[in-house]
Amino acid sequence: MGEEGSLLIIIITLVISFVIGITLNHFWPLFFNNYGTTLHVIPKGTFGWPLLGETLSFLKPHPSNSIGTFLQQHCSRYGKVFKSHLFFSPTVVSCDQDLNYFILQNEDKLFQCSYPKPIHGILGKVSLLVAVGDTHKRLRNVSLSLISTIKSKPEFINDVETLALQILQSWKDKDQVRYWEEARKFSFNVIVKQVLGLTPDNPQSALILQDFLAFMRGLISLPLYIPGTPYARAVQARSRISSTIKAIIEERRRKHVDGDSKKNDFLEILLCVDTLSEEEKVSFVLDSLLGGYETTSLLMAMVVFFIGQSQTALDQLKEEHDNIRSTKEKELLNWEDYQKMDFTQKVINEALRYGNVVKFVHRKALKDVKFKDYVIPAGWKVLPVFSAVHLDPSVHPNALHFNPWRWESDEQISKKLTPFGGGSRCCPGFELAKVEVAFFLHHLVQKYRWEVEEGEQPIAYPYVEFKNGLTIRLHQNST
């Protein structure tokens with residue numbers, strides 16, 4: 001046999017060995033189904049194809065107010081807790097209310113945040129979203145302190161309402177708008193003002209927004225760092241945003257040295273925090289922009305989408321805000337007014353439950369975890385699926401209907417509703433997001449009625465998008 005024939009045999013042998021190695025590595029955990037006990041077993045399920053497992057089926061797009069075909073089929077076949085192979089890892093998927101709550105309440109004890117490595121490449125290694133252990137606790141404590149300080153300042157709610165009025169004023173001569181774009185514009189204007197002290201017409205705001213859109217597209221793209229791909233552009237966009245933020249920080253410090261008066265924003269407070277490194281401060285600002293921009297605008301869109309299809313809810317919402325406005329003249333809203341928005345809170349809660357801004361989160365088991373009849377092996381990925389509990393008819397009667405009145409009772413709300421996660425990783429800024437939505441709604445329902453364009457639908461990819469940008473037809477209220 002010649003050299004070419006020998007080389008071919010070597011190549012074929014290597015390829016076969018590689019395929020066998022990947023296959024064995026993929027299915028090896030299945031050989032330990034009883035895991036050393038007859039009382040606790042790994043949940044039933046299947047690992048799918050080698051390497052990819054069932055990831056593509058799990059991520060198949062579907063309406064966000066449904067659990068999708070994958071979860072429907074697997075829950076029907078294996079129950080609310082099942083095993084799979086997702087994101088290149090053996091995985092336990094939980095659609096069970098009690099197990100989800102147990103996972104969230106045992107952060108850093110039995111489970112730990114474990115997002116795929118490519119996410120770290122975009123967010124950065126010190127991002128609050130991916131940090132774990134003592135680093136996460138330190139960052140979170142700073143975040144809670146900063147948010148508490150901002151909430152206590154009247155400038156925050158005044159800015160929110162002023163920017164809401166500016167957006168609505170721009171609709172004056174329009175009979176329809178792409179509402180999700182408008183919501184994003186509003187939430188971005190609010191967050192850059194609160195975090196960096198920038199107004200919408202500041203050139204740095206436009207620069208950050210341009211890079212931020214590229215950053216967002218890459219966060220949800222195929223993680224291939226090849227020039228020109230969305231992922232590569234996102235990593236580059238993050239670097240540019242970081243440079244812009246560093247420049248703003250340096251300019252702010254320079255002004256302090258020159259004796260200029262201090263601004264009343266998030267960054268001003270952050271600069272006085274000695275427990276964070278420079279890199280952590282920059283990452284902190286980026287996290288704040290991410291949370292305040294995408295999540296808030298999506299929640300605003302969800303509320304308008306569902307309310308636009310429920311005249312009864314819209315009428316009661318308008319009545320609540322008309323009553324609040326009747327006690328004021330042209331004064332801006334305050335915290336006391338916000339606390340009167342009882343039905344508004346029910347509408348927001350129901351939009352979060354039914355629309356599912358966040359479908360699931362990534363965790364991994366730090367040790368063998370026994371729960372009821374199951375065991376979750378150490379090192380396995382764990383995915384608590386929030387949307388499955390939100391849409392579970394055994395937890396929420398008539399779960400596939402938008403019904404804000406279901407929240408008349410707050411019984412076990414922390415277990416039934418987990419749109420912002422839970423436990424020590426619950427989103428620290430969720431109350432600020434609710435304020436923004438409530439204040440925008442206050443003026444929206446007084447000025448307009450609206451109709452959602454036919455065929456519009458929130459789609460989970462698993463990130464949520466509106467197919468057509470949520471176009472709504474506007475009708476001005478007569479009074």
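Visitor: Which residues line the largest cavity?
Guide: This is a predicted model, numbered from 1 along each chain; local features need pLDDT of at least 70 and side-chain atom pairs 80 or more, while totals for chains, interfaces and linings use all residues. Side-chain values use heavy atoms, without hydrogens and water. A cavity is a set of points on a 1 Å grid over the protein atoms alone where a 1.4 Å probe fits but cannot get out, and lining residues have an atom within 4 Å of a point. Here the lining is Gln97, Asn100, Tyr101, Leu104, Phe386, Val389, Ser414, Lys415 and Thr418.

Visitor: Which ring does Lys415 lie over?
Guide: A charge sits over a ring if NZ of Lys or CZ of Arg is within 6 Å of the ring centre and within 35 degrees of the ring normal. Lys415 is 5.2 Å from the ring centre of its partner. Both residues line the largest cavity, and the ring belongs to Tyr101.

Visitor: What kind of aromatic pair do Trp171 and Phe440 form?
Guide: Rings of Phe, Tyr and Trp (its six-membered ring) pair with centres within 6.5 Å; planes under 30 degrees apart are stacked, over 60 edge-to-face and the rest tilted. These two are 6.3 Å centre to centre with 65° between the planes, so the pair is edge-to-face.

Visitor: Is Trp171 buried or exposed?
Guide: Buried means under 20% relative accessible area (1.4 Å probe, protein chains only), exposed over 50%, and partly exposed in between. Its partner Phe440, at 1%, is buried. Trp171 has 0% relative accessibility, so Trp171 counts as buried.

Conventions:
1 Å grid on protein atoms, 1.4 Å probe; cavity = no way out; pocket = protein on both sides within 12 Å on 5 of 7 lines; lining within 4 Å.
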